[in-house]
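This report covers the protein surface around two DNA strands, then a few loop residues. Please keep the structure open while reading.

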Protein chains: 2
Amino acid sequence: MNDTDDLAPTGRRGATRLKILEAAYDLFSAHGVTLVGVDTISARSGVAKMTLYHHFRAKENLVLAYLDLRAKRWTVGWLKAGVKARGKTPRERLLAIFDLFHDWFEADGFEGCPFLRIICESDVGSPVHKATAQKLGQIQNYVGQLARSALVSDPQGLASAWMMLMEGAIMSARSGQTDAALKAKKAAAVLLDAWGNKGAKKAAKAVRKPAAKRKPTR
Amino acid sequence: MNDTDDLAPTGRRGATRLKILEAAYDLFSAHGVTLVGVDTISARSGVAKMTLYHHFRAKENLVLAYLDLRAKRWTVGWLKAGVKARGKTPRERLLAIFDLFHDWFEADGFEGCPFLRIICESDVGSPVHKATAQKLGQIQNYVGQLARSALVSDPQGLASAWMMLMEGAIMSARSGQTDAALKAKKAAAVLLDAWGNKGAKKAAKAVRKPAAKRKPTR
DNA sequence: GTAATAATAGACCGACCTGTATAAAGTCGC
DNA sequence: GCGACTTTATACAGGTCGGTCTATTATTAC
């Protein structure tokens, strides 16, 4: 009855709700939210359509719940966790994003990024569009935090550019360029260098700490 | 009867075909190709549905014709022409892309890039997906030509990164960041600088000509 | 003017979509 | 075991979609 329920599978209701969401997760992630119908989710989950509409009053609510779950699993569980595992310093972690992307792009069944797909498909201003933009914003904030930890000048600016490289790499990969992540990483390294250098010049305050062994700028 | 007809409006047939394509151009550009139905195009163009199907045997053929027209008008007529008008040197022209994008993003009625939207929506491997990827490839080739004219080292690599910034900027703008083009331009300038510097070091052969007044690296 | 070609309106098909109604069956706490 | 809650199957409503059929009406060339 409550669409914003935490997915604690307490009791029969919670378990059913989870089954629906689980099926929706796979189908939406693979084929997009507009192409996948409610009947398909009902069939895949083994839950009757009426029950589905008893848990989510409209398909849109199911999509919004999917977006939350996707952010929890992909952004947090995969991206953030993978970055943390692969890189030690903030700079390594920033670059590690593209290593993760490379694995992602080469995995079979790569279908692009659902967030970007929804951003393209949905009407600007609609609840789904807004929610998706917010999920993308969370990712950009995360990149911004890494950039700030890396003590670059203008972390927000770097995060914006970084995000565009990430999004562009995803689109390029979806267009067939499977090596997009590698090329994006090279470009990103250049940006990181430039932002870092600028910081060393303009924002000398950032050097009050030894700054963890920073390369002396060429 | 022939879907690949040049759009020379000779005679009644040609004029009718053009009316259909013109309506499809507006509608597809604004709302995407999947959301716009054949009936809507028929109504908007003032051409009966049967006539439409007499000129294009299926909606897919109309979409393919649209992609050609979009490339002709947007890529050539707007992007290339605008770049040529706004920049004199190859480097200025590369950067001018993002100035054009800025105008584009701020124009009311900005609905994102149809090419990217189709790349997201269509099945990988389908004729429409292939054709769209090819149109994007043409843009990247054009960027590569500019990069080569700018005498940077590894023009292809720069073109890839440039393209990702362009695509990422479009996606960011569609997500609501209206200043995406400005931020992308800053990042692009950094990339251009780095690629140019590298070229001066690694590929000394590129300097056999006076290289049109190249800045001495930084 | 006549004949060939083009375009017309509008009904129609089958498939799919979101969402609802209904009446029966299952499951659980107590 | 009883009663409240959940889930089930199935049919249905009302809509859109791509695409076809038919019969009628322009337009154009000769």
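Helices here are DSSP runs of at least four residues, labelled H or I and numbered from the N terminus. By that rule, H7(A) ends just before A:Leu151, which takes a positive phi of about 60°. The model is predicted.

## Helix H7 and the loops that follow

H7(A) has 23 residues. From its first C-alpha to its last it reaches 33 Å, close to the 33 Å expected at 1.5 Å a residue. A:Leu151 belongs to the loop between helix H7 (127-149) and helix H8 (155-174) of chain A. Its positive phi occurs in a residue other than glycine. Is A:Leu151 buried, partly exposed or exposed? With a relative accessible area of 31%, A:Leu151 is partly exposed, because the partly exposed class runs between 20% and 50%.

Chain B has its own case. B:Asp154 sits in the loop between helix H7 (127-149) and helix H8 (155-174) of chain B. Phi of B:Asp154 is near 55°, again a positive value in a residue other than glycine. B:Asp154 counts as partly exposed, at 41% relative accessibility.

## A buried loop residue

A:Phe56 lies in the loop between H3 and helix H4 (59-86) of chain A. Its relative accessible area is 0%, so A:Phe56 is buried, the cut-off being under 20%. Along the sequence, A:Phe56 and A:Arg17 are 39 residues apart. In space, their C-alpha atoms are 8.8 Å apart.

## DNA strand C

Which residues come closest to DNA strand C? Of the 19 residues that surround it, the closest are A:Val38, A:Lys49, A:Lys59, B:Arg12 and B:Thr16. Both chains supply helices to this surface. From chain A, helix H2 (38-45) and helix H3 (49-55) each give at least two residues. From chain B, helix H1 (11-31) and helix H3 (49-55) each do so too. By class, the surface has eight nonpolar, five polar and six charged residues.

On the DNA side, sugar or phosphate holds 69% of the strand C atoms within 4 Å of the protein. The rest belong to bases. A:Val38 uses a polar backbone atom to approach a phosphate oxygen of strand C. A:Lys49 instead places a polar side-chain atom by a base oxygen. B:Thr51 has a polar side-chain atom 3.0 Å from a phosphate oxygen.

## DNA strand D

DNA strand D is also surrounded by 19 residues. The closest are A:Thr16, B:Val38, B:Lys49, B:Met50 and B:Lys59. Sugar and phosphate make up 64% of the strand D atoms that come within 4 Å of the protein.

A:Thr16 and B:Tyr53 each have a polar side-chain atom by a phosphate oxygen of strand D. B:Lys49 has a side-chain N or O atom by a base oxygen of strand D. Helix H1 (11-31) and H3 of chain A, together with H3 of chain B, are the elements that give two or more residues to this surface. Its classes are nine nonpolar, five polar and five charged residues.

## Polar contacts with the DNA

The table lists contacts described above.

| Residue | DNA atom | Distance |
|---|---|---|
| A:Val38 (backbone) | phosphate oxygen, strand C | 2.8 Å |
| A:Lys49 (side chain) | base oxygen, strand C | 2.6 Å |
| B:Thr51 (side chain) | phosphate oxygen, strand C | 3.0 Å |
| A:Thr16 (side chain) | phosphate oxygen, strand D | 2.6 Å |
| B:Lys49 (side chain) | base oxygen, strand D | 2.5 Å |
| B:Tyr53 (side chain) | phosphate oxygen, strand D | 3.1 Å |

Notes: Residues are numbered from 1 along each chain as its sequence is written. Chains are lettered from A and ligands numbered from 1 in the order in which they are written. This is a predicted model: local features need pLDDT of at least 70, side-chain atom pairs count only at pLDDT 80 or more; totals for chains, interfaces and linings use all residues. Side-chain values use heavy atoms; hydrogens and water are left out. A residue is near a molecule or strand if one of its heavy atoms lies within 4 Å of it. A polar contact is a pair of N or O atoms within 3.5 Å; within protein, one must be able to donate a hydrogen and the other to accept it, and residues adjacent in sequence count only if both atoms are side-chain atoms. Ala, Val, Leu, Ile, Met, Phe, Trp, Tyr, Cys and Pro count as nonpolar, Asp, Glu, Lys and Arg as charged, and the others, Gly among them, as polar. Buried means under 20% relative accessible area, exposed over 50%, partly exposed in between (1.4 Å probe, protein chains only). The expected span of a helix is 1.5 Å times one less than its number of residues.
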